[in-house]
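Dear colleague,

Please find below the structure I am handing over to you. A short account of what was found in it follows.

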Amino acid sequence: MNFDERGIPGVSVVTTGFTDAVDKQSKALGFDPAVVYVPHPIQNRTKAEIEAIADRAFAKVMALLKS
């Protein structure tokens with residue numbers, strides 16, 4: 001993704017199971033991405049659980065987009 005290069009703000013929403021992967025990839029690319037971590041795993045969550053996770057992450061995502 002080259003949103004930042006194009007001046008388009010972006011935020012990655014990643015589960016906590018991938019924190020090491022984000023860290024390693026960021027270092028390899030020399031890029032400090034805007035990331036919001038949500039609980040892992042996601043795939044077995046109910047609709048209500050996913051909505052609650054999204055609701056908790058929303059303000060963090062918006063704050064990073066505005067910064």
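Does I53 count as buried or exposed? Please bear in mind that this is a predicted model. I53 has a relative accessibility of 6%; because the cut-off for buried is under 20%, I53 counts as buried.

I53 lies in helix α2, which covers residues 47–66. Apart from its neighbours within four places in sequence, I53 is in contact with V38, P39, I42 and R45. One of these partners, I42, stands eleven residues from I53 along the chain, and 9.4 Å separates the C-alpha atoms of the two.

As to the helix itself, α2 is made up of 20 residues. From its first C-alpha to its last it reaches 28 Å, close to the 28 Å expected at 1.5 Å a residue. There is nevertheless a bend of about 35° in α2, at A57. A57 is also buried, as are I53 and V61 in this helix. The buried residues of α2 pack against two strands, β1 (12–15) and β2 (35–38).

A second position to look at is S26, which is found in helix α1 (residues 19–29). The relative accessible area of S26 is 13%, so this residue is buried. With neighbours within four places in sequence left aside, the contacts of S26 are with F31 and P33.

When you open the model, I would suggest starting at I53 in helix α2 and then turning to S26 in helix α1.

With kind regards

Definitions and conventions. Residues are numbered from 1 along each chain as its sequence is written. This is a predicted model: local features need pLDDT of at least 70, side-chain atom pairs count only at pLDDT 80 or more; totals for chains, interfaces and linings use all residues. Side-chain values use heavy atoms; hydrogens and water are left out. Helices (H or I, at least four residues) and strands (E, at least two) are DSSP runs, numbered from the N terminus. Buried means under 20% relative accessible area, exposed over 50%, partly exposed in between (1.4 Å probe, protein chains only). Contact means heavy atoms within 4.5 Å. The expected span of a helix is 1.5 Å times one less than its number of residues. The bend at a residue is the angle between axes fitted to the seven residues ending there and the seven starting there.
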